[in-house]
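Please load the model in your viewer and keep a selection panel open beside it. The tour below proceeds by selection, with each stop naming what to pick and what is found there.

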Amino acid sequence: MMTKRWVNRPEGSTWGDWGPDDQRGRMNLVTPEKRLAAAREVTEGLAFCLSMPLDMPGGNAVNPKRLPPRFGPVFHPPGAEDFYYNYDWNAIQDGNMDVTSDECVTIHSQYSTQWDSFAHVGSRFDADGDGEAERVYYNGYRAGEHIKPPDDPDGMGARALGVENMAMSGMQGRGVLVDFERHFGRARTAVDYDMLMEVFAKDGVTVEEGDFFLFHTGWDEMILEMAGDPDAGKLHASGAVLNGFDERILDWITESGVVALISDNMAIEAPDGYGETRGGCSRLPVHRHCLFRLGVHLGEIWYLKELADALHERGRSRFLLTAPPLRMPGAVGSPATPVATI
Ligand code: UVW
């Protein structure tokens with residue numbers, strides 16, 4: 001019987017580097033010193049909301065399995081659904097002047113501005129060394145045993161690696177942003193390692209261990225321009241994505257020490273690719289490299305336009321990022337309302 005969750009760890013992974021039960025991954029690199037350095041980037045006290053309205057992009061054309069938030073009455077006995085909306089307390093207590101409202105919102109946690117926890121994407125990998133690949137997540141946590149499916153008798157949810165781990169780490173540190181839209185326009189561009197280095201050189205950008213790396217692509221403005229009725233074909237053919245099939249991009253993610261990759265686009269990488277890459281074929285090699293292998297979080301569909309413009313005007317790329325997800329035990333993803341301060 002195996003006492004550890006794994007005997008094999010994926011090549012080039014960080015599994016075990018922060019302990020056998022680690023669930024924070026590279027967030028362990030955000031030390032008090034790193035947070036102080038991030039705070040020193042604040043020179044004007046200007047704050048930027050990095051969240052889209054959470055009912056954007058609108059509909060489910062962009063991702064058919066994710067629907068917009070749905071508002072409904074709070075759960076009450078049948079027949080009393082509207083009991084607690086614009087509720088006039090005078091109805092039950094003579095002379096009471098109070099009027100109160102509660103609600104129930106059903107949210108697909110990855111519909112709009114979101115974080116991916118490490119329970120979002122795993123891989124088939126022979127972690128227990130029996131010669132057969134099993135479904136496993138960061139640091140050897142298992143599909144079924146830890147990431148429980150909807151039909152589990154104990155209920156669905158991530159009993160390990162859920163977003164509450166991110167919330168407890170604060171998700172705060174130094175952000176470094178580059179504006180791919182300024183370099184490549186709005187055409188779909190697969191950014192490989194050489195292109196990334198060229199952008200860094202042109203903009204004088206340095207990314208250090210423990211930084212959150214953000215890139216703006218123009219998707220945020222396009223979504224807002226589409227005003228809730230997105231042209232999915234146009235969006236999926238637009239904006240820069242990291243080319244996860246360029247092995248040097250994966251190496252850069254490893255060597256840079258970034259703790260998260262964040263963009264205004266849908267998936268950091270192109271979600272429609274498929275091919276051979278390290279560890280076997282994948283549709284989402286950046287997801288597998290970051291969430292499964294390294295313990296690097298992904299942030300998607302963030303609103304970066306105003307921050308990108310403000311940083312450009314000032315010839316800056318760094319800022320203080322504060323971006324906790326909901327402290328929702330067991331969720332694999334979470335909406336976020338991140339704030340950048342410069
Ligand atoms: C998938 O669709 C798998 O993921 P994401 O929302 O992280 O792009």
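Begin by selecting strands E15 and E16, the latter spanning residues 297-300, which run parallel to one another and are joined by three bridges. The coordinates you are looking at are those of a predicted model. Within this pairing, if you label isoleucine 262, you will find it standing opposite glycine 299 in E16.

Stay with E15, residues 260-263, and turn the view so that first one face and then the other comes forward: Ala260 and Ile262 lie on one side, Leu261 and Ser263 lie on the other, and all of them are buried, so that both faces of the strand are covered. Next add strand E13, residues 212-216, which pairs with E15 in the parallel sense over four bridges. To find a place where these two strands meet, select phenylalanine 212, whose bridge partner in E15 is alanine 260.

Now move across to E16 and show its side chains, of which His297 and Gly299 mark the residues that point one way from the strand, while Leu298 and Glu300 mark those that point the other way, all of them being buried. Add strand E6, residues 114-116, and you will see that E6 pairs with E16 in the antiparallel sense over three bridges. Here glutamine 114 has glutamate 300 as its bridge partner in E16.

Which class of accessibility does histidine 297 fall into? Select this residue, which is found in strand E16, and note that with a relative accessibility of 2% histidine 297 counts as buried, because the limit for that class is under 20%. Its side chain reaches the backbone oxygen of aspartate 116 at 3.0 Å.

The next selection is the ligand, together with the residues around it: Lys65, Arg66, Gln114, Asp116, His120, Met266, Ala267, Arg283, Leu284, His287 and Glu300. Colouring this shell by residue class gives three nonpolar, three polar and five charged members. Gln114 and Glu300, which you have just seen as bridge partners, are both included in this shell.

Which side-chain distances to the ligand are worth drawing? One runs from a polar side-chain atom of histidine 287 to an oxygen atom of the ligand, at 2.7 Å. Another joins an N or O atom in the side chain of histidine 120 to a ligand oxygen, at 2.9 Å. For glutamate 300, an N or O atom of the side chain is likewise placed 2.9 Å from an oxygen atom of the ligand. If you then display the surface, bear in mind that the protein covers 91% of the 270 Å² of accessible area that the ligand has on its own.

Just after E16, select isoleucine 301, in the loop between E16 and helix H9, residues 305-314. Its phi is near 55°, a positive value in a residue other than glycine. Isoleucine 301 counts as buried, at 4% relative accessibility.

For a second residue with positive phi, go to alanine 227, where phi is near 50° and the residue is again one other than glycine. Alanine 227 sits in the loop between helix H5 (219-225) and helix H6 (232-236), and with a relative accessible area of 59% it is exposed.

A further backbone feature can be inspected at methionine 56 and proline 57, which are joined by a cis peptide bond with omega at about 15°. Proline 57 belongs to the loop between strand E1 (47-49) and strand E2 (70-72).

Two further residues can be used to follow the chain over longer distances. Select methionine 168 in helix H2, residues 163-169, where a relative accessible area of 42% makes the residue partly exposed. The C-alpha atoms of methionine 168 and aspartate 130 are separated by 35 Å, with these positions 38 residues apart along the chain. Then select arginine 124 in strand E7, residues 123-125, which is exposed with a relative accessible area of 61%. Its C-alpha atom and that of leucine 50, 74 residues apart along the chain, are separated by 34 Å.

Finally, zoom out and colour by domain: domain 1 comprises 25-61 + 110-120 + 160-341, and domain 2 comprises 70-106. The C-alpha centres of domain 1 and domain 2 lie 39 Å apart.

Technical notes. Residues numbered from 1 in each chain as written. Predicted model: local features only at pLDDT ≥ 70, side-chain atom pairs only at ≥ 80, totals over all residues. Heavy atoms only, no water. Domains from an automatic or database assignment. Near = heavy atom within 4 Å. Polar contact = N/O pair within 3.5 Å; in protein donor to acceptor, adjacent residues only side chain to side chain. Areas by Shrake-Rupley, 256 points an atom, 1.4 Å probe, with all protein chains shown as cover. Nonpolar A, V, L, I, M, F, W, Y, C, P; charged D, E, K, R; others polar. Buried < 20%, exposed > 50% of the residue type's maximum accessible area, 1.4 Å probe, protein only. Pairing = 2+ DSSP bridges.
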